[in-house]
Amino acid sequence: MTTCRSTFATPAATAVQPQTTAIADAFRLALGCAEAFVGATAPNPPVGCALLDAGGQVLACGAHARAAKAHAEAAALDACHRAGTFGRIHTLVVTLEPCNHTGRTPPCVDAILASPARAVWFGVRDPNAEVLGGGAERLLAAGLEVGALGALPHPDAADLAHAAWRLIAPFRKWKQTGRPWITVKQALDASGGMIPPAGRTTFTSQDSLILAHRLRRRADAIITGSGCVLADDPAFTVRHAQDHTGKHRILAILDRRGRVPSAYIEAAQARGFDVRVRSDLNALLAELGAAGVMEALVEAGPTLLSAIAEAGFWDEHIVIRQAPTPGLPDAVERRLRMGDA
Ligand SMILES: NC(=O)c1ccc[n+]([C@@H]2O[C@H](COP(=O)([O-])OP(=O)(O)OC[C@H]3O[C@@H](n4cnc5c(N)ncnc54)[C@H](OP(=O)(O)O)[C@@H]3O)[C@@H](O)[C@H]2O)c1
């Protein structure tokens with residue numbers, strides 16, 4: 001199969017195009033729009049879209065906010081309608097290849113073809129088997145100029161393409177394997193240990209706490225172990241970031257010996273969690289996938305983290321290292337199991 005790099009060239013230099021920098025800036029904007037809804041869109045991927053006029057000026061930005069709501073392209077086109085700028089649309093920049101099939105909403109390709117857009121730039125190909133290749137090819141066949149972000153001659157193109165890839169990585173994995181994307185968050189103290197001092201549940205900074213809550217915000221489920229529950233009585237709610245309205249997560253607890261008290265389970269349910277106490281890690285991941293979980297965040301002690309590492313069940317590993325000197329920021333390291341894909 002051809003890649004997007006080789007399939008779609010940079011639109012012809014002779015055509016009336018907004019500047020390459022404007023396209024890169026529009027991708028940055030579209031990625032930012034989409035980021036706001038990561039964790040709210042399951043079973044759909046988060047997507048962002050920016051519309052530019054022929055001079056490269058931004059007319060509108062839109063995002064897919066949640067399932068059954070407008071796709072990003074439709075949201076941005078609608079914003080132009082409302083602002084009276086629809087007729088000025090020239091270039092559509094979208095983080096994911098426009099869809100070409102009717103799902104809960106009509107195909108985005110139809111909406112684009114019904115607009116004045118003459119050029120379309122997309123971040124990544126749609127991994128959805130029903131549409132792979134369909135949207136971009138149909139736009140090309142209709143005479144639009146179509147470019148893939150990877151082919152944009154801009155120094156930031158590779159980083160932006162990676163961000164677009166990461167944006168839909170959980171959706172891609174879930175769609176292709178039926179299992180969620182697993183992000184492991186691990187805090188290490190200055191000597192490399194995971195256990196907080198007696199009487200405390202954490203040793204990292206306020207900024208790290210905010211990061212941890214942002215990771216929860218983007219997850220559809222939290223996975224933990226009985227050891228973490230018994231030691232810390234963790235709430236697992238999103239408190240140091242603004243959570244998505246009406247979001248309900250699964251809280252999955254690995255507990256083979258039945259040590260987690262029913263009072264903890266009832267309190268977690270009262271906080272809005274769908275609590276699932278399980279003994280088989282592999283079966284749990286399949287169960288979460290079947291329940292529509294695209295991304296799960298692991299917040300657990302060393303025993304469960306070792307089991308996940310040994311089984312190779314993780315996709316992204318985020319290590320927060322406590323600063324060696326008080327007052328300095330913690331260091332954050334992010335690693336993808338598959339490399340930078
Ligand atoms: N620094 C950090 O990032 C961080 C995060 C969370 C917690 N902690 C700390 O970690 C400490 C607790 O550590 P821990 O290792 O006891 O807790 P844990 O890893 O959260 O939980 C361990 C329990 O999980 C279950 N489990 C582990 N692997 C399993 C597998 N493959 N299949 C099924 N069940 C499995 C086992 O339950 P059974 O015993 O029933 O088999 C095991 O006892 C606490 O002090 C807490 O503060 C640190």
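**A tour around strand E1**

Select strand E1 (strands are DSSP runs of E, at least two residues long, and helices are runs of H or I, at least four, numbered from the N terminus): E1 is mostly covered, with 5 of its 5 residues buried (under 20% relative accessible area, 1.4 Å probe, protein chains only). Before you click on, remember this is a predicted model, where local features need pLDDT of at least 70, side-chain atom pairs count only at pLDDT 80 or more, and totals for chains, interfaces and linings use all residues. Residues are numbered from 1 along each chain as its sequence is written, and side-chain values use heavy atoms, leaving out hydrogens and water.

Show the side chains of E1 next. Gly48, Ala50 and Leu52 point one way, Cys49 and Leu51 the other. In a regular strand, side chains alternate between the two faces of the sheet.

Now bring in E2. It runs antiparallel to E1 (48-52), and 5 bridges join the two; DSSP must find at least two bridges for strands to pair. Pick Leu51 and you'll find Ala60 of E2 opposite, while Ala50 stands opposite Cys61. In the hairpin between E1 and E2, 5 residues link the strands, and Gly56 takes a positive phi near 90°.

Stay on Ala50 and look toward E3: its bridge partner there is Val93. E1 and E3 are also antiparallel, joined by 4 bridges.

Zoom out to the open sheet: 5 strands in the order E2-E1-E3-E4-E5, with mixed pairing. E2 (58-63) and E5 (145-148) are the edge strands, each pairing on one side only.

Last, select helix H3 (72-83), which packs on the sheet and touches E1, E2 and E3 (91-96); contact means heavy atoms within 4.5 Å.

Note on methods. Axes are lines fitted to C-alpha atoms, for helices over the stretch in contact, and angles run from 0 to 180 degrees between N-to-C directions. Buried means under 20% relative accessible area, exposed over 50%, partly exposed in between (1.4 Å probe, protein chains only).
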